[in-house]
Every structure is written in C-alpha cells, then in structure tokens.
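Please open the structure in your viewer and keep the selection tool at hand, since this tour moves from one selection to the next.

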Amino acid sequence: MPTPTAGPAGAFASKLYVPTGSSRPGETPDFSALKLVSETGSFQPATDCEAGDTVPLARGLVRVLDDQGEAGGPWQPELSDEQLLQGLRHMLHVRAYDDRMFRMQRQGQLSFYIKSTGEEAVAVAQGMALRGGDMLFPAYRQQGLLFVRGRDVVDMMCHCISNARDNCKGRQMPVFYTWKDGNFFSISGNLATQYSQAVGWAMASAYKGEDHIATTWVGDGSTAEADVHNAMLFAATYRAPVILNIVNNQWAISTPQAFAATGTTFAARALGYNIPGIRVDGNDFLAVYAVTEWAALRARQGLGPTVIELLTYRVAGHSTSDNPDAYRAQGEGDAWPLGDPVTRLKQHLIGRGVWSEQQQQELEAELKQSITDAWKQALSHGSLEDGPHWPVATMFDDVFQHMPAHLLRQRQQLEDET
C-alpha cells in the first residue's frame with residue numbers, strides 16, 4: 001500500500017501514489033513485485049480459445065526451462081538438436097556483434113548504438129518461429145531478427161557508420177535498420193508507430209487472402225503511447241493476423257516498468273480488447289519459441305491477434321547515451337531471477353548431451369573473429385569520419401515516384417553548391 005508522504009509544516013499530506021522500481025542507486029534490487037512464481041502458466045489452450053480463457057496465462061508466466069535447464073510442461077516445443085544449436089549460435093552471434101559495435105562507438109567510430117544484451121532470446125526465438133514471408137515491424141533491440149533471416153553483417157555495420165554502402169543512404173540513425181528483401185520494416189524513432197503499421201499490413205494480408213502474418217514489438221514504456229491502444233482495437237475488431245509483442249525489460253530508459261504496468265501485467269491489457277494475452281519468460285528460448293509458434297498458428301487460421309508479454313531484463317544501458325548507474329543499483333542485472341538466455345539454453349543443450357563448455361568457448365571465439373573480419377570489411381567501404389558517404393543530394397530520393405518541379409530545382413541548386 002502506498003504511504004502518504006508528509007508535506008512541509010502547514011501544508012497538506014500528499015495521498016498521491018508514485019510507483020517504485022526494482023532498485024535505485026545504493027539499494028538492494030527487489031523483483032518480488034513481479035510475482036514470477038506461478039503455476040497458472042502451465043496449460044496450453046486451443047488456438048481457437050476465447051480471450052477469457054487466457055486470463056491465467058496473462059497473469060501467470062509460461063516457462064519450459066526450469067532453473068536447472070531441464071525442459072518440461074505442455075508448452076515444450078518440438079525442436080531438434082540442430083534447431084536449438086542454431087538458436088544458440090544466433091544469440092551468441094548477436095552478442096558478439098553488440099559487444100564489437102559498442103566498443104567501436106566508445107572509440108568514436110560510430111555515433112550511437114543500442115545493445116540487446118540479456119534479451120537475445122526474444123528476437124532469435126521469435127524470428128525462428130516465424131516464416132520468411134511474415135512481415136516484421138520491430139523496435140530497436142531486435143537485431144536478432146536480422147541474424148535469423150540471414151542479413152549480411154557487413155551491411156548492418158555499413159548502415160551504422162553511414163558509409164557508401166549504407167542502404168539507408170545516411171538518412172537514418174545507427175541501428176534503425178531496414179531490409180526490404182528480408183521483410184524487415186524500417187525502425188522508427190517515434191515510439192510505437194510500428195504497432196498500427198503492423199496491424200494495417202496484417203489486415204491487408206487477410207483481405208488479399210494471403211497466409212502471411214505480421215509481427216511487431218514495443219517496449220514496456222511504449223505501451224503508454226496511443227498507437228498501441230489504437231492498434232489493439234483495430235486488430236481485435238478485424239481479427240487481424242498479427243502478433244503484438246510487448247518486451248518488458250524492466251526499464252524505459254530510466255523509468256521503471258511499474259509506471260506503465262500500473263499494478264497489472266502487460267499481457268492482461270489484451271483482455272480488455274478481447275484479445276488473448278500470454279506472459280512468457282523472455283529469457284527461456286523454448287518458451288518464447290512455443291508461445292510465438294502458437295500465436296502464429298492462431299493468426300494463420302484466421303482467429304485473430306495475440307498479445308505476448310516477454311518478461312526479460314535490459315542488462316545494458318538504454319543506449320550508448322545512457323548511464324544506468326545513475327538510476328538503478330549497480331549490478332542489478334545479476335539479481336534478475338530469470339537468468340541469462342544464452343546460459344540457460346547452453347545448460348539445456350549440455351544436459352541433452354549435444355554440447356559442451358569447450359564447444360561453447362570455441363564457438364564464441366569463432367564468432368568473435370568473424371565479427372572482427374566483418375568490421376574490417378565494412379571499413380573498406382568508408383568510415384564515419386572520412387567517408388565516402390552518400391551525396392547530400394540523395395536526401396531527395398525515394399520519396400516521390402515523380403519528383404515535383406520545385407524539389408528538382410532545390411536538388412539542382414544543392415548539387416551546384418556542393
């Protein structure tokens with residue numbers, strides 16, 4: 001219960017409730033308010049279930065891997081050893097990429113970067129559970145989707161340093177990737193716009209009788225944006241074939257998730273729109289895969305949207321412009337009760353007898369070297385400081401099929417002056 005705070009002498013005693021986070025600097029992290037221990041995530045409903053049937057799943061937590069790395073329960077997916085090893089490889093590849101790009105930003109070789117450390121299972125497992133024809137409307141921190149779909153790492157790096165091979169022609173922030181051939185929609189700095197775009201795309205796909213679905217992601221803080229609620233209303237009304245993901249990584253930059261959660265779960269928000277909602281352990285690769293596969297099947301069957309809350313933890317700062325030690329306890333990530341997604345999948349594979357610590361170390365070294373080689377190749381196409389870059393006049397490109405006369409004049413004027 002909130003404790004009213006006493007005002008100054010002669011003033012009123014405030015009754016305003018202000019949510020608190022898992023910790024502030026100097027405090028001991030406390031995640032007990034998340035109520036992670038739950039048995040209510042231990043059933044899998046039919047894909048044609050009603051939204052009300054998922055109430056226990058929206059308020060509970062779906063898990064497949066236990067704390068010892070053993071898999072079990074009704075959500076255990078049918079994944080081969082090869083598929084699980086591929087998932088581990090993708091997550092390690094993302095982590096190696098993130099570490100390299102973060103260090104390059106600190107050396108001034110790119111202007112900005114956002115790591116996904118601790119959240120790799122979200123993008124990788126979900127990407128593997130989808131089909132290539134499905135459309136992705138990501139937020140930042142889902143670079144794992146690009147690794148699953150086979151995006152060239154050198155191209156990703158060239159975008160981040162805005163050189164002559166940047167497919168965004170220097171007109172986007174670093175990490176705001178887009179890849180048309182991979183059905184990867186452009187990331188936007190305006191929060192949550194991708195939710196409405198995904199629902200609209202899904203409605204069009206259903207209208208045309210296609211089998212493709214849309215999937216989109218927002219962070220917990222972005223659920224306060226009106227776009228999220230507009231999208232849920234349209235998705236529910238027209239039973240759009242879309243998966244609406246909410247990545248609850250505990251922090252919206254420096255604001256604790258409690259401000260956006262308002263005492264409930266994010267998955268439970270779906271129920272008010274008559275959409276099934278499921279809260280899943282976002283650091284459990286198998287659980288994330290299984291819930292996504294279930295929601296995708298439901299969407300392809302014409303049964304409408306699903307909201308998935310992925311409970312995870314943002315180990316790194318929000319971005320390279322952020323200092324998390326200023327607003328949360330140092331080492332808070334070590335206290336996260338759901339562990340690390342890479343370590344948990346590794347333990348599971350070792351338990352299955354198909355992996356070892358030595359193989360893990362060898363794979364990490366191999367991927368680290370491949371990222372180093374890719375970085376050298378990216379620099380051969382130009383650096384942030386020295387270029388070559390795209391000509392400034394290309395800012396007029398790719399907007400109009402037939403450029404208006406006044407813009408043609410402006411472009412010519414710019415080219416004459418540069």
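Which residues make a nonpolar surface patch of about 310 Å²? Keep in mind that this is a predicted model, and select Leu-16, Val-18 and Phe-259, which together make that patch. Of these, Phe-259 lies in helix H8, residues 258-261, and Phe-259 counts as partly exposed because its relative accessibility is 39%.

Stay beside this helix and select Thr-262, which is placed in the loop between H8 and strand E6 (277-281). Thr-262 is not a glycine, yet its phi is positive, about 50°. With a relative accessible area of 57%, above the 50% cut-off, Thr-262 is exposed.

Next, select Lys-169, in the loop between helix H5 (153-160) and helix H6 (193-207), where another residue other than glycine has a positive phi, here near 55°. Is Lys-169 buried or exposed? Lys-169 counts as buried because its relative accessibility is 18%, and the cut-off for buried is under 20%. As background to both stops, most residues other than glycine have a negative phi, and most peptide bonds are trans.

That background also serves for the next selection, Gly-387 together with Pro-388, where the peptide bond from the one to the other is cis, with omega near 5°. Pro-388 is found in the loop between helix H11 (357-379) and helix H12 (405-417).

Now select residues 81-106, which form helix H2, a run of 26 residues that reaches 38 Å from its first C-alpha to its last, close to the 38 Å expected at 1.5 Å a residue. Following H2 comes Gly-108, whose phi is positive and near 80°.

For a wider view, select residues 89-381, where UniProt, in an unreviewed entry, places the feature "domain: Dehydrogenase E1 component". Over residues 89-381 the chain is 42% helix and 11% strand, and the C-alpha atoms at the two ends are 27 Å apart.

Finish with the cysteines. How many disulfides does a search of the whole structure find? The search finds zero. Select Cys-158, which is in no disulfide, and then Cys-160, whose sulfur is the nearest cysteine sulfur to that of Cys-158, at 9.4 Å. Cys-158 counts as buried because its relative accessibility is 0%. Cys-49, the last selection, has a relative accessibility of 10% and therefore also counts as buried.

Key
Residues numbered from 1 in each chain as written. Predicted model: local features only at pLDDT ≥ 70, side-chain atom pairs only at ≥ 80, totals over all residues. Heavy atoms only, no water. UniProt positions renumbered as here; feature names shortened; annotations may be inferred. Helix = DSSP H or I, 4+ residues; strand = E, 2+ residues; numbered from the N terminus. Patch = residues over 30% accessible without salt bridge, like charges linked within 9 Å, V, L, I, M, F, W, Y side chains within 5 Å. Areas by Shrake-Rupley, 256 points an atom, 1.4 Å probe, with all protein chains shown as cover. Salt bridge = Lys/Arg side-chain N within 4 Å of Asp/Glu carboxyl O. Buried < 20%, exposed > 50% of the residue type's maximum accessible area, 1.4 Å probe, protein only. Disulfide = S-S within 2.5 Å. Expected span 1.5 Å × (residues − 1).
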